[in-house]
Amino acid sequence: MKRSLPILGATLLAAALLVPQPAHALTAAEPETAFDDFVDVFWDDSANYFFTYSDHQIHPEHAHGPQGGLYTDYWWEAQLWETVMDVYERTGSTDARQMIDDIYDGFQTQYPDFRDNDWNDDIGWWARGAIRAYELTGDVEYRDDAIEMFDFIAQYADTTYGGGIWWKNVDIGDGERNEKNVATNATAVYTAMRIYAATGDVSYRDQARTIFSWLDANFYVGGKLRDHIEGTGQFVDWDWTYNQGNYAGAALEMYLDSGDPAELSRAVAAVDWAVANLTSSGTFLFEGVDDTGGFKAILTRNIRALIDEAGQTQYEQLLTDNATQAANHLNSAGIGAYDWTAPAPELGTTAIQSLAAAASVAVMSQATPDGYTGPVEGTRVYEAENTERSGVISESGQSGYSGRGYIGGWIGDGTGATFHVNVASAGTYELQFHYAAAAGVASRALTVNGATTPLSFPATSGWGDWQTRTVTVSLDEGYNRVDLRVDSAAGGANYVNLDRMTVAD
């Protein structure tokens, strides 16, 4: 059962220094307005289901879900359900309360037997959502369904790779066709602990403890979470906000039960690693489209839980800054997109996926507003490996870089990186590029808000010899787009490794 526990000691909270400054937030009215706009665009009340795309058309690039992909797929709808619960929990919206029931009715209509899904993580997300819906509404149907779903996926745990639940409920034991991952197992830990809290059945706590111990021993590496294990026991390391948040939520559940500060310190370290490595100037980064478009909301949801349930208030500002970024970059229809640091495209020009749009609604509901609506500058440090890249690879073979690595190998015409920069006031700023150019002078085209100038990077003595190339530019108040690309028409390119860009007064 849950109980109130002391917060983690200050010596373990050094990550607070990573939170972007100065403080910003959003207005109290914005979360509910954003929710209403999201519902207007994506919700079909005749089907009790969300559309996959804002234009209510089937797109072949993501044609998954009911009616050939017109409506969101199994996993996406579970995430949108959690978004609605975020809204209800934080705003008490009567519309959101009704939608908790309506969404579940729509899900059961489209998927009469939840077992008709090969993916245990998909089922696990509905189990997690159902136990949360029970906590919010008191409806025992949700509790009972959460138990049934969890029990179904839990039977696919075995001793292969030392423990854990298989990702799929087919191809069990076949590491070439199946795997074990954070997505399936961290979510299962959360659900099992919440079922234990709801029922008092210690077998669920025991299962959660067994899964978490295996997960912790195999996937947690100094705050960073590995993604999955496959084959004959090979680990695959993919850096996702999704994994960091899922593990943090599981570790928090363990701490709330045991009171062991080491478990809370692991939850904190997982979030800290994400803040240090998976942000762009302090805002959680653009991770892609389709499934990855909704990953950030899973991390921020678990950060909210760390604040509320374990007193980790050092993250309050992080959430409000991210929420303000999301709020500032909604399009004219009030819809967000894949990158919180850049303006969302207009619906008349681009069909936006509902999962990504919901992430903006979620973080705005998770944050605590204080009325600020201006630009969020954050740290003003933009790690190159976290930029929006085209034809550019991320590397980490040379020492002396910051963050997770740097970008290199970009020599083809048009390849490069885009930095989404936000500043509080218009004016003249320095762009400081931390780079290495051991092959000789490298040339690139620098484009700031559509105006292009050539930019050369002087040769360095080696690839580990990092230098700074500074250029002065004019930036607008609020959003600015900065592109650094190879432009063959502007002259020779040559190779250059780029570590980061810093914006300075």
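**Walking through sheets and charges**

Let us start at one spot: V421 stands opposite N480 in β19. The model you are looking at is predicted, so local features need pLDDT of at least 70 and side-chain atom pairs count only at pLDDT 80 or more, while totals for chains, interfaces and linings use all residues. Residues are numbered from 1 along each chain as its sequence is written, and side-chain values use heavy atoms, with hydrogens and water left out.

V421 and N480 bring us to strand β14 (residues 416-423) and strand β19 (residues 478-485), which pair in the antiparallel sense over eight bridges. Strands here are DSSP runs of E with at least two residues, helices are runs of H or I with at least four, and both are numbered from the N terminus. Two strands pair if DSSP finds at least two bridges between them.

Now step back to the whole sheet. It is open, with antiparallel pairing, and its five strands have the order β11-β14-β19-β16-β17. At the edges stand β11 (388-390) and β17 (451-457); each has a single partner strand, so one side of each is left without a neighbour in the sheet. On average, neighbouring strands of this sheet are turned by 25° against each other, direction ignored; the axes are lines fitted to C-alpha atoms.

Another open sheet has three strands in the order β3-β6-β7, again with antiparallel pairing. Its edges are β3 (180-181) and β7 (234-236), each with a single partner strand, so one side of each lacks a neighbour in the sheet. Between β3 and strand β6 (residues 228-230) there are two bridges in the antiparallel sense, and K180 stands opposite I229 in β6.

Let us finish with charges. Side chains of opposite charge can pair when their charged atoms come close. The structure holds 30 salt bridges (a side-chain nitrogen of Lys or Arg within 4 Å of a carboxyl oxygen of Asp or Glu). R97 forms one with D101, the closest N and O atoms being 3.0 Å apart. Both lie in helix α4 (residues 94-110), and because they are four residues apart, about one helical turn separates R97 and D101.

Definitions and conventions: Axes fitted to C-alpha atoms, helices over the stretch in contact; angles between N-to-C directions.
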